[in-house]
Amino acid sequence: MNRNSPTAVQSLCILRLSALGDVTHVLPLIHALRRRHPKLAVTWVIGRFEHKLVGALPGVEFIPYDKKGGLKAYLALRRQLATRQFDCLFLMQLSARANLVSTAIRARRRIGFDARRSKEGHALFINERIAPPAGTHVLDALLQFGSKLDIHTGDLSWTLPSAPPDLEWARAAMPGDAPFAVISPASSHPLRNWTAAGYAALADHLHAHHGLRIALCGGPSALERELGARITAQMRSPVTNLIGQDSLPQFVALLRRARILVSPDSGPAHIAAIAATPVLGLYAATDPQRSGPYNFRQYCVNAYPEAAKKFLGKPSAELKWGQKIEQAGVMELIPVNAAIAHADKLLAATA
């Protein structure tokens, strides 16, 4: 019997705890799994916060895990899964914490990343590897797990339903039918954030030349609120500041109505795929070919090659996969006129 056939593989556990962008990357794989193996029982061990984003996905058993819960959370997971055995485990996260959590999951086949991407002792917790993916993006690697279950993804789908109350919130937050742009200016890694002056200039251009209303979005942290306030203070055009006011499902609902999202390398750049919203990505500290918005990488403002030369003294092609250049001032390598030109091109292409 083919070990990858639907009859041989009846239960699958996915371990991907974080972060928001990375759990979003799992959605196309799950949709492909459901199409190919509709009777496959899928369980996903996921971070509690990330569960708030994708928990409405039908046909999946979610086990939210408290990543800050330490030994107590780990032992609780062991107890919860003590009597269960899975045909397959997809260990889709490269971290010491994920390795430890994976020991609470019993599975005949423990499938992990290829040797090039493996780190943090990942090889000690798996008994099979995916083949090296042809592409360099994180999503390319995650999709490669599907080949282990005879799945060869074609059309990618990030479909995730929005609840009516979230759609109502989005309608109230940006009322009317006039088009608008969403700017989510802050990453959880501050050195990936562009300048307030740059965001303000780009927002004014989107309003003046494309007739777009502007909405600022983000989390409730002091850093995000402060960055939003500095952007607002430097803008000439009207702006609706929603930073700290929305939940993750409400943000998705808002993106469903948005004309464009502007974001650095952060979760929202990937969450936008759920809403099929075009993304203008701003990249210098990280490589957009690896971590940019998957369907809009060609429209990213990409200063990563310049950053590699300035801060590391070598071409970006010589850097190892996933290397970050999180140096003070790196995002200042992105000029305003480049961001405006890429925005114009993206809006024209998606009109």
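Here a trainee and a mentor talk through a predicted model.

Trainee: What makes the space lined by Ser184, Pro185, Ala186, Cys217, Gly218, Glu224 and Ile243 a cavity?

Mentor: A cavity is a set of points where a 1.4 Å probe fits but cannot get out. The search of the whole structure turned up one of 30 Å³ or more, and the largest cavity holds about 30 Å³ of space.

Trainee: How do you know how many residues of its lining are nonpolar, polar or charged?

Mentor: Pro, Ala, Cys and Ile count as nonpolar, Glu as charged, and the others, Gly among them, as polar. The lining therefore divides into four nonpolar, two polar and one charged.

Trainee: Why is the set with Trp44 and Val182 called a nonpolar core?

Mentor: Because its members are buried residues of the listed nonpolar kinds, joined through side-chain atoms within 4.5 Å. The largest core has 64 residues, and Trp44 and Val182 touch the most other members. Helix α1 (residues 20–36) gives the largest share, eight residues. Another core, of 41 residues, lies apart from it and includes Ile183 and Met235.

Trainee: Which residues farther off in sequence does Trp44 touch?

Mentor: Leaving aside neighbours within four places, its contacts include Ile14, Val23, Ile30 and Phe62.

Trainee: How do you know that β8 and β9 pair?

Mentor: Pairing takes at least two bridges. Two bridges join β8 (residues 213–216) to β9, so the two strands pair. They run parallel, and Leu216 stands opposite Asn241 in β9.

Trainee: And what makes β9 an edge strand?

Mentor: β9 (240–241) pairs on one side only, and β12 (301–302) does too. The open sheet runs β9-β8-β7-β10-β11-β12.

Conventions:
Residues are numbered from 1 along each chain as its sequence is written. This is a predicted model: local features need pLDDT of at least 70, side-chain atom pairs count only at pLDDT 80 or more; totals for chains, interfaces and linings use all residues. Side-chain values use heavy atoms; hydrogens and water are left out. On a 1 Å grid over the protein atoms alone, a cavity is a set of points where a 1.4 Å probe fits but cannot get out, and a pocket is an open set with protein on both sides within 12 Å along at least five of seven lines; lining residues have an atom within 4 Å of a point. Grid points are joined across faces, edges and corners, and a volume is the space filled by probe spheres set on the points. Buried means under 20% relative accessible area, exposed over 50%, partly exposed in between (1.4 Å probe, protein chains only). Helices (H or I, at least four residues) and strands (E, at least two) are DSSP runs, numbered from the N terminus. Contact means heavy atoms within 4.5 Å.
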